[in-house]
Amino acid sequence: MITSRRMAAVDRNAAALGVPLRVLMESSGNAVARRVRELTAPGDSVTLVCGRGNNGGDALVAARFLDDREATVKLLGRPESITTEIARANWDALKAADIDVETVTDSRAFDLDDPDLVVDAMLGTGITGELREPEASAARAINDSAAPVLAVDVPSGVDADTGATPGGVVEAEHVVTFHDLKPGLAEHADVTVADIGIPEAAEEVVGPGDVAVLGDGGSRKGEGGRTFVIGGGPYTGAPALAAGASLSAGAGLAFVACPASVFDPIAGYSEDLIVQPYGDGEESATDHLEPEHVPELVETAERHDDTVILGPGLGRHPETEDAARQFLAEFSGTAVVDADALPLVPEVDTDATLVLTPNRSELAELGGPEADDLVAHADEIRELAADLGHTILAKGEVDVITDGETVRRCRAGTPGMTVGGTGDTLAGVVAALLARAEPFEAACVGSYVNGRAAEMLDRGDGLRATELQETIPAALEGGDDE
Ligand SMILES: NC(=O)C1=CN([C@@H]2O[C@H](COP(=O)(O)OP(=O)(O)OC[C@H]3O[C@@H](n4cnc5c(N)ncnc54)[C@H](O)[C@@H]3O)[C@@H](O)[C@H]2O)[C@H](O)CC1
Ligand SMILES: [K+]
């Protein structure tokens, strides 16, 4: 089952893999023609009623494959009003081949004759709201006719995602749909799912399509969230990189909560970060996170609905580990957990929603496989995510991302990314995306955007993590698709 939003992502990924929509439409049209042939005999009359979008385009292709049937193509509207380039190209191809085509400009004059089969290619996944004219009149004429109907992709009038038919629908005995079943077809009696050659990788490998549809799911696009990094102590660069990258990826504000002893260096890296030291009222400034600091951190993060990043540069002082455990036990918001905080996750019961971003050794410490090739062990990583109840983004040459059910892989990135700090920027990007996407999607797109940001720098071995902050915005815009 596939939603129209996911389908849009997969289409675009397929194009990036060298299989553009025009090629897919050729397969769709071919599949429609095959089904027409199964439902009719040579010489039978078939009327193809075509809308002006790609749903109509599918039937324009099908007509080219139907020379042994009496095919009549009716375009609803003027050829100039065809909305997509590929549908127009297929219209031109029909005309060039001297195949008979009719345009219906007055829907009151829409006449179906009495064909042996009607192909309903008026509207597919591009419909919004109730059927409008001329499609509404044409739908009535199709329903009044005694001819059986084969719908292309979905019966015109139905919402492919919900099955809703707010303004009437073509009553189709048969449906040929593409790639995968649509949720709105679940109740339909005769649905043929046609393989149109979308490569499996378009679904399983994160690509530009995943980035393109981000924010289309009713999420809070444009409202930059707040990132709250709990890190620093023995190291200072890591929390600053994570916070900075989250700003590059759209966070509105980025805070770093750190031990007072490292306030100066962290605050000195960038004027964009808001640095909040803890433990500065003590006799000598704290140099690591301790359990007594935790209640205030939890309270601050929850009060502002911040996305937390727990771990960068935190170190492994036993008191810090206790504090991190306590944070996880008390916090009920959303967090990315990275670095030294990762091994503590399996030890704690938490209500928080977590995205874990382990590298290979941290993955093993979490209880996952010890492996160089993460893809070969994707199933074990999925089981680990299911056991822990959190999303895992396992970092390797190819990243493996899983929510315990679905597994995707991401191969964006460059060999130069093995340099220190790129994991911190990744945590920052994922945290920013968590303000506008579900955890699994934020992890997938975060992995892709961090990798694309490195590819766009084109620095080879001289890559520095600080530089990624400059190309993350463009990578997220999806400009410069592969
Ligand atoms: N996704 C794929 O891999 C493939 C899909 N194919 C087919 O393409 C359609 C979707 O095409 P699209 O151009 O996006 O939309 P439609 O043709 O469904 O409709 C767009 C058209 O309709 C107008 N419109 C919108 N709402 C209404 C309405 N309520 N009443 C009247 N008119 C309406 C809108 O203005 C546009 O002009 C998909 O279903 C597949 O059939 C390709 O085959 C390639 C592979
Ligand atoms: K249709």
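These exercises walk through a predicted model of one protein chain, each with a worked solution.

**Exercise 1. Get your bearings: how many helices and strands does the protein chain have, and how is the chain divided into domains?**

Start with the inventory: the chain holds 16 helices and 16 strands. Next, look at the overall extent, where the C-alpha trace spans about 95 × 45 × 40 Å along its principal axes. Then split the chain up, with domain 1 covering 4-204 and domain 2 covering 211-477. The C-alpha centres of these two domains sit 45 Å apart. As for what touches what, the contact draws five residues from domain 1 and six residues from domain 2. On the domain 1 side, helix α1 (residues 4-16) supplies the largest share, four residues.

Two chain-wide figures round this off. Of the 482 residues, 51% count as buried. Take contacts between residues at least 6 apart in sequence, and 71% of them join residues at least 24 apart.

**Exercise 2. Work out the sheet of seven strands: what is its strand order, and which strands are at the edges?**

First, a quick pointer to the region: UniProt, in an unreviewed entry, places the feature "domain: YjeF N-terminal" at residues 7-204. That span is 34% helix and 18% strand, and its end C-alpha atoms lie 13 Å apart.

Now trace the sheet. The order reads β3-β2-β1-β4-β5-β6-β7, the sheet is open, and the pairing is parallel. At the edges you find β3 (101-104) and β7 (191-194), each pairing on one side only. Neighbouring strands are turned by 20° against each other on average, if you ignore direction.

Zoom in on one edge. Strand β6 (residues 174-178) and β7 run parallel and are joined by four bridges. One pairing to look for is V175, whose bridge partner in β7 is V191.

Finally, add a helix. Helix α2 (residues 21-39) lies across β1, β4, β5, β6 and β7, and runs at about 155° to β6.

**Exercise 3. Now take the sheet of nine strands: what is its order, and what kind of pairing does it have?**

Read the order off as β10-β9-β8-β11-β12-β13-β14-β15-β16; this is an open sheet with mixed pairing. Its edge strands are β10 (274-278) and β16 (407-410), each with pairing on one side only. From one strand to the next, the twist averages 20°.

Check the β10 end: β9 and β10 pair in the parallel sense over five bridges. Here C258 has P277 in β10 as its bridge partner. Helix α8 (residues 237-248) packs on the sheet and touches β8, β9 and β11, its direction making about 170° with that of β9.

**Exercise 4. Which residues of strand β14 are on each side, and are they buried or exposed?**

Recall the general pattern: side chains in a regular strand alternate between the two faces of the sheet. In β14 (residues 391-394), T391 and L393 take one side while I392 and A394 take the other, and all are buried, with both faces covered.

Now do the neighbours. Strand β13 (residues 353-356) runs parallel to β14 and is joined to β14 by two bridges, with V355 opposite T391. Strand β15 (residues 399-402) pairs with β14 in the antiparallel sense over three bridges, and A394 stands opposite V400. The link between β14 and β15 is a hairpin through four residues.

**Exercise 5. Why do the buried residues of helix α10 line one face?**

List them first: V294, L297, V298 and A301 are buried in α10 (residues 294-303). Seen down the axis of α10, these residues fall within an arc of 100°, so they line one face of the helix. The general rule helps: an α-helix has 3.6 residues a turn, so residues three or four places apart point the same way.

Then turn the helix round. The face away from the buried side carries the exposed residues P295, E296, E299 and R303. Over the buried residues, the cover includes β8, β9, β11 and α11. Just past α10, D305 takes a positive phi of about 55°.

**Exercise 6. Is A454 buried or exposed, and which residues does A454 touch?**

Locate A454 in helix α15 (residues 439-457). Count its surroundings: 26 other C-beta atoms lie within 10 Å, so A454 is buried. Leaving out residues up to four places away in sequence, A454 touches G413, T414, G416, M417, L463 and L468.

Note on methods
Residues are numbered from 1 along each chain as its sequence is written. Chains are lettered from A and ligands numbered from 1 in the order in which they are written. This is a predicted model: local features need pLDDT of at least 70, side-chain atom pairs count only at pLDDT 80 or more; totals for chains, interfaces and linings use all residues. UniProt positions are given in the numbering used here, feature names are shortened, and annotations may be inferred rather than shown by experiment. Two strands pair if DSSP finds at least two bridges between them. Axes are lines fitted to C-alpha atoms, for helices over the stretch in contact, and angles run from 0 to 180 degrees between N-to-C directions. Two residues are in contact if their C-beta atoms, placed from the backbone, lie within 7 Å. A residue is buried if 20 or more other C-beta atoms lie within 10 Å of its own, exposed if 12 or fewer, and partly exposed in between; C-beta atoms are placed from the backbone. The arc is that of the directions from the helix axis to the C-beta atoms. Domain bounds come from an automatic or database domain assignment.
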